[in-house]
Amino acid sequence: MTAGFSFLLLVIIAALAFEEKLHAKKSVIIGVSAIFVLLLGTFFGIIPFGAITLPGGESADMPVYIPAIDWEALAIIIGSDIFVAVSSRSGLFSWIAIRLTKLSRGDPLKLLWYYGLMTVLFSAMLNNVTAMVIVGSLTAVSLSRLNRTADLGPFLVVEALLTNIGGLLTLISSVPNIIVGRIAGITFLAFFAKAAPFVLALTVITLLQAAKQFGVHALKGDEEKEKALQVVSGFDENDGIVSRRFFWFCALMLAAFICTIAAESVLPLVKDLGMGFVALAFATIMLLAYRSQADEFYKAIDWDLIGFFMGLFVVLNVMEHAHVLEALGKGIEMLVGDGRSAGGTGALLLSSAACSSVMDNVPVAAMLAKILAAMNTPGTSRLWWAVVFGANLGGNLTPIGSVSSLVAIAIMQKHGVGMPFMTFCRKVFPFVAIELVLSILYVLAG
Amino acid sequence: MKQIDQFESIFRSALKDVYKYRKLSVKSVLVVTDRKESKLEEYLEDLRCFLAVLGTDVKWTIFDDEKHFTAVHLLEKVAEVKPDLICTYRNLHSAAWQYPYSLGEHLDVLMQKTAQPVMILPHPDDTSIYPHAMVNTNRVMTMTDHLAKDHRLIDYGILFTEPQGILFLSHIEDQRTFSRYMEVISRIPDIDTDHAAEEIRARLVKEPSDYIDSCIASAHENKLPIEVKKIVGFGHHISEYRKLIEEHEIDLLIMNSKDDDQLAMHGMTYPLAVELRQIALLFL
């Protein structure tokens, strides 16, 4: 039976990898899969039905698929989505983006650095897609105005790479981080302390390499500099600010949100209620500013991701009961050993990266994290980090590996700068090779 | 992707054309006239008074050769003198100036064939000109339906406005064109007509309005001794400009006529040049 369910899991993974070919959203694929495995699990009698014991000792009747879902992670995703949607309305992010553009004085090399750093910062604070959309669209507009459309491809490639690097910065910067962090019990501060030095170093290396590989140089002549300065001076960072008061309110709320999330594990009351509560509470406070149009912001929630996430956890729960994860754990145990061998950790990181390069990194991270948990891997093990680093950076290998790369390609196409699949892979390979080598060394050293 | 387009729109909207002042001067003026000797001096004196803003250091050249008054000779004269400004009036050597139906052959050629700005003055014998016309240039108006990035137009507006005078920077969107598009939009079910009308109307005037604000800021920054005022709105071009000229007692109206694709000459400039006969007009 375990073999049968394992085969089924393989089919589901294959279906997710060929999402585009199937012309179906991943939430639908996983939803259908969840229905099917629940029926099969019930048929084979492997799913334990019955009342659930709550922390106070009470028992509650609940559908079997409800406790299978990680609701805390869902609350973080929904809360963050709404928070970002409302705060984007304040013009705060476009204000930061335009200020940096003006600070560059239109110099391409400075623009590459400023946009690169901004991408990392935004993808750490927002989700990767929103970060890529903001920085990518500004890049397209400013480069076109500076008559540098030829640089658009290289800039967008670098920004796509950096969204996944920035997505490593904090526990809430990407969904794989949230999943692995929750299962491994890693706190926000512990995650940040571990990831930040690496993200900083990798950002600098990526930008230095990009400037060299794509031949992005600083402007030399005074006339050229003056012309570029004049173009970027035309940007008005205050144009998108509807209300100065709301702008400052959002800036303060963003700072408060980051601080509260960071201190969540030590703050009284909040530590019991959890990060999901913090995200939802901040989202609700933000909605007060647009209380009569709150429903508009619910559209900003990525319901495909939410549906996918819920379905995925139901599927994995059934697989757990079918001992599939245990069997996979044994296979991974053979690969990684007891977690102390360098080869094993490196192999896990590369496997995680390879899988994430051709499919969504959420199921990869969720499955590997569940397997590691089933192996009773301690929260301090470097194997968790191997999964996190691999799942985040693996998406950089191909244009279909991460949604931010797809956004970058879409912007290129919109501006008539096409980049075929293989050209993208060829351009990013030197970057990803360095990223993976450095991440293996970093995880092993930690 | 909808979100990409949304953010690109935000950034495009934030990218504004900022006016940068460039000081111009007119050192040589070519006057093309059919005044006879007896009235010529008087006419030139009036013209010098009217254009006193140019200063005294101006070389005035007269082209009044009736025998050789052909487009070829006129263009040869322009090439020879290389003036900074050409001054003339409608329908030379003809009585057609009394009827507001044409400019005359020489003006058609001058306005399209020469690179220099051409000033069309009211006919010297025309008694229907406004009382404030041809006295001085202390109320000047620039006019366009695509004001943004029109630095040259503003430069000339500043040049011709007398110290302590007022320069009106105007931009009138054509109401008929707007209504036509709105009518089409109102038939598309996917578009909220009221919302689209509100947004498009606001966006159409925002760009010129922002540009004029940058002109006003630049005038302050450069301590120019003139006042710059903004007029932005919707209306029918000729009637709206006629109304504005009367309301603000405009002495000189400046507009473009030599766009890359000569759109202005075939668009609203030509009817304005033909019909607005009561004040001086400057065509760039």
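Student: Why does A:A68 count as buried?

Tutor: In this predicted model, A:A68 has 20 C-beta neighbours inside 10 Å. The cut-off for a buried residue is 20 or more, so A:A68 counts as buried.

Student: Where does A:A68 lie, and what does A:A68 touch?

Tutor: A:A68 lies in the loop between strand 2 (59-60) and helix 4 (71-89) of chain A. Leaving out residues up to four places away in sequence, A:A68 touches A:F313, A:V314 and A:N317. Contact here means C-beta atoms within 7 Å. As for A:G4, A:A68 is 64 residues from it in sequence and 21 Å from it in space, C-alpha to C-alpha.

Student: Helix 4 of chain A follows that loop. Why are helix 4 and helix 9 of chain A called roughly antiparallel?

Tutor: Helix 4 and helix 9 (residues 175-184) of chain A pack at an angle of about 150°, and their axes are 10 Å apart. Angles over 145 degrees count as roughly antiparallel, and the two helices are therefore given that name. Helix 4 of chain A passes helix 9 of chain A in a right-handed crossing.

Student: Which residues of helix 4 and helix 9 of chain A meet?

Tutor: From helix 4 of chain A come A:E72, A:A73, A:I76 and A:I77, and these meet A:V175, A:I178, A:I179 and A:R182 of helix 9 of chain A. By class, this contact has 6 nonpolar, no polar and 2 charged residues.

Student: What makes helix 1 and helix 3 of chain A roughly antiparallel?

Tutor: Again the angle is set against the cut-off. Helix 1 (residues 2-17) and helix 3 (residues 26-43) of chain A pack at about 165°, with their axes 10 Å apart. The cut-off is over 145 degrees, so helix 1 and helix 3 of chain A are roughly antiparallel to each other. Helix 1 of chain A passes helix 3 of chain A in a right-handed crossing. The contact is made by A:L8, A:I12, A:A15 and A:L16 of helix 1 and by A:K26, A:I29, A:S33 and A:V37 of helix 3. These residues divide into 6 nonpolar, 1 polar and 1 charged.

Student: How do you know that chain A is as compact as a globular protein of that length?

Tutor: Chain A has 21 helices and 2 strands. The radius of gyration of chain A is 23 Å, and the globule rule gives 22 Å for 446 residues; the two values are close, so chain A is as compact as a globular protein of that length. The C-alpha trace of chain A spans about 75 × 50 × 40 Å along its principal axes. Of the 446 residues in chain A, 48% are buried. Among the contacts in chain A with a separation of 6 or more, 79% are between residues 24 or more positions apart.

Student: Turning to chain B, why is helix 5 of chain B called largely enclosed?

Tutor: Helix 5 (residues 151-160) of chain B has 10 residues, 7 of them buried, so this helix is largely enclosed by the rest of the structure. The buried residues are B:L153, B:I154, B:Y156, B:G157, B:I158, B:L159 and B:F160.

Student: What covers the buried residues of helix 5 of chain B?

Tutor: The cover includes strand 5 (139-144), strand 6 (166-174), helix 7 (193-221), strand 8 (252-255) and strand 9 (280-283) of chain B.

Definitions and conventions. Residues numbered from 1 in each chain as written. Chains lettered and ligands numbered in written order. Predicted model: local features only at pLDDT ≥ 70, side-chain atom pairs only at ≥ 80, totals over all residues. Buried ≥ 20, exposed ≤ 12 C-beta atoms within 10 Å, placed from the backbone. Helix = DSSP H or I, 4+ residues; strand = E, 2+ residues; numbered from the N terminus. Contact = placed C-beta atoms within 7 Å. Axes fitted to C-alpha atoms, helices over the stretch in contact; angles between N-to-C directions. Parallel < 35°, antiparallel > 145°, perpendicular 65-115°, else oblique. Left-handed = near helix turned anticlockwise from the far one by under 90°. Nonpolar A, V, L, I, M, F, W, Y, C, P; charged D, E, K, R; others polar. Rg over C-alpha atoms; globule rule 2.2 N^0.38 Å.
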